[in-house]
Amino acid sequence: MKIDRRSFLSLGIGVAAGTALSPLPWKLTDDLSIWTQNWPWTPVPEIGETSHVNSVCTLCPGGCGISVRKIEGRGVKIEGMTGHPVNQGGICALGLSGLQLLYGPTRIKTPLRRIGKRGEDRWEKISWEQAISEIAEKLDVLRTSGNSHTIAGIAGSRQGTVSQLFKRFLTAYGSPNFFHTPSCVDTYQLAFQYMNGVSGAPGFDLENADVILSFGSGLLDGWGSPVRMFKANTAWRKANAHVIQIEPRLSRTAAKADRWIAINPGTEAALALGVSHVLIKELLFDKEFVDSHTDGFESFVTSKGEMKKGFRQTVLENYSPETVARITGIDPSAIILLAREFAKAKAPLALCGKGQGIIPGSLAEAMAVHALNALVGSVNRKGGVFPMPETEIQVWHEVAMDSVAAVGINQTNLIGAPPNSPCGTNQIPAAILSGKGYPLNALFVLESNPLYTMADSKTVRDAFDKIPFLVSLSSFMDETARYADIVLPNHIYLERIEDAPAPTGFPKPVISLSKPVFKPQFNTKHAGDTLILLAKEMGGAVADAFPWDNFEACLEEVMGDKMKTLQEKGFWVDSDAAIPDWKAAFKTPSGKFQFSPAEATLGFVPVAIEGDSTFPLLLIPYETMRMAGGYIANPPFMTKTVEDTILKLNDSFIEINPKTAQSNQLSEGDFVVVQTSRGQARGRVHLEEGIMPGVIALPRGLGHTAYDGYIANKGINANQLIGPVQDPVSGLDAAWGIRAKLSKA
Amino acid sequence: MSELDGKSQTVSEIVVSSAHGQSGKEGGSGGVIVLFFFVGLVASLIVGWVLFPKALYSQKKQPIDFNHTLHNGLVGNGCESCHFFREDGSYSGVPKLAQCIECHEEAQSSDPEEIKFVEQFVKKEIEVPWLVYARQPDCVFFSHAAHVKSANMDCATCHGPIGESEHMKLYQQNRITGYSRNIWGENIVGIKKNTWDRMKMDDCSECHQKQKVLLGSVQTQKEGCFVCHK
Amino acid sequence: MDSALIPNGVRRCSLGKFLVPLAVVGAVLLWGVYAMLLCWFKGLNQTNMNDNYGFALWIWADLAVIALGGGAFFTGFLKYLIGKDELKHIINYAVLIGFICYSSALLILAIDIGQPLRGWFIFWHANVHSMLTEVAFCLSCYFMVLTIEYIPLILENRQIDKVPFFHHLSHNMHGTMAVFAATGAFLSFFHQGSLGGVAGVLFGRPFAYREGLFIWPWTFFLFTWSAAAYGPCFTLLVTRITEAVTGKKLVKDNVVELLAKISGWMMTTYIIAKIIDTLYWANVTAPSKGFNLIDFYSNNGFYGIWILVMEIILGGIVPAAILITDKGRKSPVVRTVAFVLAVIGVSVNRWVMVLQVMAVPVMPFDQWALYYPSWQEVATTILPVAYGIILIMISYRYLPIFPQEAELNPAE
Amino acid sequence: MFPFNFEWIWDMSHMVFMGGLWYALIILGIGMTYCIVKAAIDTAKGGDGHGHH
Amino acid sequence: MKQEHGGNGTRKYGMVIDLDLCTGCGSCMVACMAENNVPFREDETDKLKSITWMRVYKLTNGKPYPETDICYLPRPCQHCEGSHGHSPCVSVCPATATDYDSQTGIVSQIYTRCFGCRYCMAACPYHARYFNWYDPIWPEGMEKYLNPNVSPRMRGVVEKCSFCFHRYQAAKDKAYLDGQKEIEEDAYQTACTQACPAGAITFGDLDNPDHAVHKLKKQPGAFRLLERLGTNTKVYYVSSREWVRRAGDNYLKTEGPKKVV
């Protein structure tokens with residue numbers, strides 16, 4: 001018997017034949033393909049029972065009702081809540097992305113104390129007790145040394161019980177420095193105060209208007225309550241209403257409007273007055289309304305005996321279509337046609353507040369637009385504008401201040417304004433850096449991210465460097481939280497109970513209740529509870545001002561009998577609210593609408609824009625529905641929807657008219673440095689016909705340096721390029737842009 | 001090398017003769033060759049048919065040895081007493097602890113399995129990690145409502161007489177695919193005697209074609225893919 | 001060293017001289033294998049393909065090598081079915097080149113699919129309406145044929161031939177080769193065509209779409225025809241290159257000229273058909289979908305009319321004209337130029353039918369998308385070339401590929 | 001590919017397409033079987049079976 | 001086709017998207033991603049590798065400032081019917097991983113069957129099909145929000161809009177339980193339709209006169225994308241603007257789209 005190579009060959013053939021005749025290769029082939037169908041690194045979502053919980057979205061001031069779909073305790077999807085008065089089932093991209101924030105990697109998971117340099121992002125985890133007592137100790141030292149007024153708080157929202165509780169804390173502690181993130185409502189409130197004699201947030205009955213003249217308001221770009229506006233737009237289309245959008249850029253709103261009129265940025269007030277001129281000259285205004293409900297239309301003699309020009313004379317003398325055309329760059333005939341169309345409408349309505357209305361803006365502009373509404377009788381009527389009736393939403397018991405608080409609270413605030421003037425947040429950095437007034441010893445930041453959202457980021461950071469103690473109550477590791485000394489992470493909106501006040505511009509008083517849809521995912525605390533705990537830790541009169549066990553108890557008390565409705569329906573609408581009668585509408589000295597208020601004269605008062613002639617272009621930041629530009633940064637889903645003409649890799653695109661690009665020898669996609677008197681940034685140019693020559697635009701919401709890899713270090717933060725500009729009339733921030741130049745990079 | 005090339009003519013002569021020589025030896029080693037062939041054949045058949053199926057599946061015991069017969073006798077509504085439909089039409093599948101607690105807050109008997117269940121899961125409020133024999137992969141959408149409510153099928157048609165079992169059988173899991181063995185079936189070649197012996201796609205479609213249900217597919221003229229896939 | 005393996009009556013270089021270039025090409029091969037493994041383990045994100053370019057360099061390479069490998073089936077068809085017996089002197093090499101081309105195509109397809117372990121679904125769950133199914137089936141079957149045709153060649157190695165079983169097997173296979181060749185030709189007519197059908201049936205892509213006969217668009221027939229016309233040119237070109245590298249005449253001129261002549265006439269008829277097809281498409285098919293010819297060749301940075309000129313005139317009319325004239329065909333230099341042009345021509349055609357199809361925007365608001373391959377794609381495309389060179393080197397050295405070699409290069 | 005596959009239908013497309021395929025496969029299969037079997041028989045016969053080629 | 005067991009025949013689900021109402025806000029895109037477990041990566045700016053079943057295109061009329069106009073056009077899978085269900089992609093898939101169901105009119109895609117040849121992507125003129133170039137990876141913790149009704153896809157396969165077919169399955173389940181033969185119009189709506197804050201998307205059975213889409217698709221200004229190719233899509237668009245309707249298909253200079261009366 002001889003075993004040779006051939007025997008082994010034969011063995012091999014036998015093995016091959018046997019294997020082929022066995023299930024092994026075939027089953028293995030099948031199983032391997034099944035393995036690829038169930039790769040262990042591809043997640044398999046767990047099945048289970050589905051439930052829905054209604055709540056409200058507070059990611060923007062829109063206040064939409066949401067319905068959260070859950071599967072066995074985990075959230076699977078956020079949808080719009082049908083039957084909610086604000087959004088009627090609709091929902092925006094940000095609202096839909098909420099679960100990415102809940103489960104996202106930027107959540108702060110536990111209280112943190114800084115161990116590295118500021119902004120270095122090195123932390124140690126501390127317990128809640130430790131954090132609270134440490135802060136209380138610091139505050140106690142300041143308070144006992146008579147420096148209670150040298151702390152400040154910035155809140156993200158103007159309304160809401162948590163904000164009020166925050167303010168209450170400062171009051172009981174003895175600080176006049178409560179601020180909130182500014183908005184166009186601040187300016188509107190002033191205009192109402194002067195012209196209607198009533199203070200209150202504006203309510204726009206947009207759904208019932210038939211010609212809407214928007215002076216740059218991003219009605220479909222997130223102005224007011226975005227979903228409500230989309231619904232309104234659909235209603236306008238179906239009712240054949242006309243929307244006229246006036247702004248230098250073909251925004252989403254302009255694109256969907258029936259007419260887009262490009263205007264030299266910052267000259268909107270002049271156009272409003274020009275339209276008024278035509279209305280008055282051609283006798284197209286609502287004479288009945290003007291005669292019976294207004295004052296100051298004709299020239300008059302003031303109590304001091306001076307002759308003061310009335311609205312009619314002012315406008316007729318100074319704002320002829322030709323004059324206005326020179327200012328605005330709009331053809332005189334177009335102004336006349338615009339005025340006629342506006343006047344012909346049954347329910348014309350003009351409104352302003354640029355973009356999403358996050359900048360208070362020019363008071364002169366708000367007044368000019370408001371006057372235009374008055375001219376056509378669209379004030380205080382269906383389809384018009386009116387200040388929201390001042391119903392008391394929260395009922396608080398008085399703070400019993402001790403002597404320290406009583407002294408502290410009566411100081412002027414940081415920016416030299418009377419105590420608790422919440423506006424003027426943008427002036428804080430300059431005030432700190434100027435060294436005038438008193439130093440700021442501690443700053444508490446709640447649900448806001450000033451280091452990112454405030455104009456002139458560098459100056460803001462310099463100012464923050466001077467604040468020895470910075471506490472953030474953010475849910476996310478945003479730019480400000482990263483700069484803080486102690487972070488007290490807040491529950492996010494899906495984990496907490498909270499009231500969401502009426503959204504900007506909504507014409508009915510409405511409150512929604514945000515419910516804890518999920519158990520807290522991490523070791524976080526409701527900011528309301530944190531404040532109550534802090535107060536209790538401080539003891540004395542401060543603790544006495546916070547007698548509640550927790551925030552929920554506080555909310556139940558201040559909401560009173562509304563709470564029951566809120567718990568049951570999820571929202572509360574003041575069913576008694578109606579458009580105020582004429583008496584209640586105008587509380588001016590004359591009891592009428594005031595065209596020529598004593599506090600501010602109507603007219604075109606341009607907001608001085610920064611930069612000299614070495615900056616030949618005008619840079620305007622803009623807001624878009626696909627990017628969250630405020631305290632909340634873009635969740636990954638939203639960033640995914642951003643077009644590649646806005647962001648490519650990590651580069652922002654600067655929108656520019658092809659003509660302007662050509663004269664600057666730039667072509668599509670070129671790398672450029674955009675430079676302003678405040679800073680510079682590298683980006684690329686995108687040529688777009690839909691922007692006025694000489695103007696360049698950047699979206700808000702990019703250029704984050706904190707958060708996660710899905711949004712950090714992508715593009716340019718427009719705020720680093722612009723500076724705060726004070727409105728010459730109101731002193732509020734009115735920076736709609738800045739002069740800039742582009743050079744090839 | 002080149003000088004070797006020169007010899008090639010002569011080499012070829014040798015090749016032919018040696019070929020003859022070798023074929024002469026064939027007879028002697030032929031038996032060995034055949035033997036080796038059969039050794040290889042039989043060995044690999046044993047590997048393929050016996051060892052491979054054993055190695056392919058891991059065996060796991062259920063956390064609790066559940067007695068279906070006992071429970072079936074105690075509940076009023078058959079299988080649906082515990083394996084019920086939710087209001088939205090979805091199927092609850094294996095019961096959650098919350099259901100079991102309705103009866104088993106305390107041990108009802110001295111059965112060691114029940115005591116183990118109460119001690120280890122009910123008291124500690126931990127869900128029982130049941131191993132589901134009929135668990136289909138994630139790509140499958142199976143509508144119990146369609147089969148039980150609309151087509152009035154018996155549970156046993158697909159699941160077999162599991163309701164009559166007193167003990168839980170071993171759970172076998174395919175090491176490569178992670179599937180329960182019940183999907184492919186006990187038989188390694190996939191031969192089945194009963195409707196419940198296998199739960200592969202072909203078994204679903206076999207019945208669907210007999211019943212002529214939802215035959216909307218343009219490509220296969222059978223049921224559309226989305227009838228059973230998600 | 002390896003003289004016992006070298007065929008009788010022919011001369012080969014020293015083993016050392018053989019191994020050095022083999023090692024160089026082997027290194028290139030390993031580079032390709034590395035890229036291939038990257039694609040398999042990390043996924044197709046290693047490529048520069050994207051959602052607009054689902055088909056790209058690899059599919060072009062597939063189509064091109066199969067067209068170029070068409071020499072195998074068509075030469076076989078001519079020899080075994082038409083009876084052009086002289087072609088037996090080149091058929092071995094045609095089969096080898098075909099074998100290389102087809103195995104490469106299969107390998108590239110295995111890299112190109114996103115789920116290689118599920119690749120067999122194309123057979124098991126076949127959709128017979130898909131041109132790709134037709135391609136997969138015929139391609140695999142024809143690859144079997146090529147293997148069957150290549151085996152006897154291997155068996156003719158001096159040492160293997162010593163084994164009586166192999167000796168007989170080789171003999172028997174030679175005897176039945178006509179049947180295999182006929183089956184191969186049958187399969188080839190279909191899969192070459194179905195490769196053309198791949199683009200031609202895309203009625204959502206007006207650049208590719210063609211009307212046709214029954215289920216087959218005109219491109220189906222054009223592809224078969226062009227593979228038959230251009231494939232032999234590639235065989236002849238590779239033969240010429242082999243001759244240049246070895247410094248020996250390997251195939252007699254009359255054989256080359258015969259194949260070149262047939263190829264030339266095939267090309268002539270093909271290019272006429274192609275021109276008619278192009279004219280009909282440009283004037284009837286495309287306009288019916290709202291496109292002018294120039295829409296497909298403008299508004300982008302690469303594809304211009306030049307590519308049409310290059311394909312039809314430079315790569316079609318010119319080589320056809322050379323090869324059908326006695327003078328052109330008889331001049332070794334001129335006919336080699338024709339072979340090169342022909343290879344370029346058919347490669348451009350396959351490129352256009354894959355990549356330009358992907359590049360042309362269909363929705364009016366869509367944009368041209370241009371693409372360049374990643375190094376992984378390039379490496380895996382060069383991989384088969386390296387593999388082919390190695391197989392040719394080994395086969396040439398140890399197998400009697402060229403029956404006329406000994407006669408043309410008598411031993412001293 | 002086989003009549004027991006889910007995708008199989010007894011229609012014209014399958015007849016023509018799969019018919020062609022199986023036809024080719026069968027020819028190749030029979031052809032190769034013939035060659036191998038005959039080679040085995042020839043080998044067993046022990047002779048060269050034929051002359052040189 | 002054949003009668004459904006216990007039902008009364010076939011349906012043809014489709015959409016009518018009113019481009020006059022669409023504001024391009026992106027809600028539909030995000031709603032779709034959230035509903036269908038669409039993965040995302042740190043960089044999604046390469047739109048040729050970014051999976052967005054529902055993609056909103058920005059169309060411009062090509063005129064210079066200030067005559068420029070923009071229109072947003074949401075593009076889900078068009079669920080082409082072609083002729084007799086032979087949509088461009090269905091007929092080319094070699095492994096029968098994509099299919100046309102004449103019971104619902106939906107083009108299905110089975111990820112576990114697909115082996116990633118991408119022929120369907122080459123066939124689709126709408127770029128509605130997306131390939132998983134990368135393994136889908138969610139940041140730690142985020143996989144908690146994944147929807148169990150939609151199977152996440154693995155690397156190497158093609159995916160696309162399914163008209164939220166799992167919602168149809170769920171609606172059928174409920175109907176079976178309640179003993180109903182048919183499902184109501186509002187019982188099955190896609191995620192994008194539900195989310196659209198402008199109400200621009202209407203979804204339903206195109207063949208059912210009781211469904212809103214049946215009437216809407218016939219309104220003046222309605223058109224479909226690339227109708228001339230014979231794709232026979234089930235997504236209708238409506239626009240009052242002529243240039244938008246013209247952008248919906250290719251026309252020679254001498255031709256024009258249907259005029260709106």
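Let's start in a loop: Cys164(E) sits between strand 7 (158-159) and helix 3 (165-178) of chain E. This is a predicted model, and in it Cys164(E) has a positive phi of about 45 degrees although it is not a glycine. Is Cys164(E) buried or exposed? It has 27 C-beta neighbours inside 10 Å, so Cys164(E) counts as buried.

Asn713(A) makes a nice companion case. Its phi is also positive, near 60 degrees, and Asn713(A) is again a residue other than glycine. Asn713(A) lies in the loop between strand 29 (695-699) and strand 30 (738-744) of chain A. Here the neighbour count is 12 C-beta atoms inside 10 Å, so Asn713(A) counts as exposed.

| Residue | Phi | Citation |
|---|---|---|
| Cys164(E) | about 45 degrees | positive, not a glycine |
| Asn713(A) | near 60 degrees | positive, other than glycine |

Back to chain E as a whole. Chain E has six helices and ten strands. Its radius of gyration is 19 Å, close to the 18 Å that the globule rule gives for 261 residues, so chain E is as compact as a globular protein of that length. The C-alpha trace of chain E spans about 55 × 45 × 35 Å along its principal axes. Of the 261 residues in chain E, 67% count as buried. Looking at contacts in chain E with a separation of 6 or more, 62% come from residues 24 or more positions apart.

Chain E has another backbone detail to look up: a cis peptide bond between Tyr65(E) and Pro66(E), with omega about -5 degrees. Pro66(E) is in the loop between strand 2 (55-60) and strand 3 (70-75) of chain E.

Now for how the chains meet. Which chains share the most contacts? Among the nine pairs of chains in contact, that is chains A and E. On the two sides, 50 residues of chain E are in contact with 59 residues of chain A. On the chain E side, helix 1 (27-35) and helix 4 (191-195) each supply at least two residues. Helix 1 of chain E gives the most to that side, with seven residues. By class, the side of chain E that touches chain A has 24 nonpolar, 13 polar and 13 charged residues.

Chains A and D tell another story: no contact joins them, and their closest C-alpha atoms lie 14 Å apart. Chain D has one helix and zero strands, and 15% of its 53 residues count as buried.

Inside chain A, have a look at helix 10 (residues 268-281) and helix 12 (residues 311-318), whose axes come within 9 Å and cross at roughly 105 degrees. Helix 10 and helix 12 of chain A are therefore roughly perpendicular to each other. From helix 10 of chain A, Leu273(A), Ser276(A), His277(A), Ile280(A) and Lys281(A) meet Arg312(A), Val315(A) and Leu316(A) of helix 12 of chain A. The residues of this contact divide into four nonpolar, two polar and two charged.

Last stop is helix 2 (residues 57-68) of chain C. Helix 2 of chain C has twelve residues and reaches 16 Å from its first C-alpha to its last, close to the 16 Å expected at 1.5 Å a residue. Helix 2 of chain C is mostly covered, with twelve of its twelve residues buried; among them are Trp58(C), Trp60(C) and Asp62(C). The cover over these buried residues includes helix 8 (164-200), helix 9 (218-246) and helix 13 (332-359) of chain C.

Notes: Residues are numbered from 1 along each chain as its sequence is written. Chains are lettered from A and ligands numbered from 1 in the order in which they are written. This is a predicted model: local features need pLDDT of at least 70, side-chain atom pairs count only at pLDDT 80 or more; totals for chains, interfaces and linings use all residues. Two residues are in contact if their C-beta atoms, placed from the backbone, lie within 7 Å. Helices (H or I, at least four residues) and strands (E, at least two) are DSSP runs, numbered from the N terminus. Ala, Val, Leu, Ile, Met, Phe, Trp, Tyr, Cys and Pro count as nonpolar, Asp, Glu, Lys and Arg as charged, and the others, Gly among them, as polar. Axes are lines fitted to C-alpha atoms, for helices over the stretch in contact, and angles run from 0 to 180 degrees between N-to-C directions. Angles under 35 degrees count as roughly parallel, over 145 as roughly antiparallel, 65 to 115 as roughly perpendicular and the rest as oblique. The expected span of a helix is 1.5 Å times one less than its number of residues. A residue is buried if 20 or more other C-beta atoms lie within 10 Å of its own, exposed if 12 or fewer, and partly exposed in between; C-beta atoms are placed from the backbone. The radius of gyration is taken over C-alpha atoms; the globule rule is 2.2 Å times the number of residues to the power 0.38.
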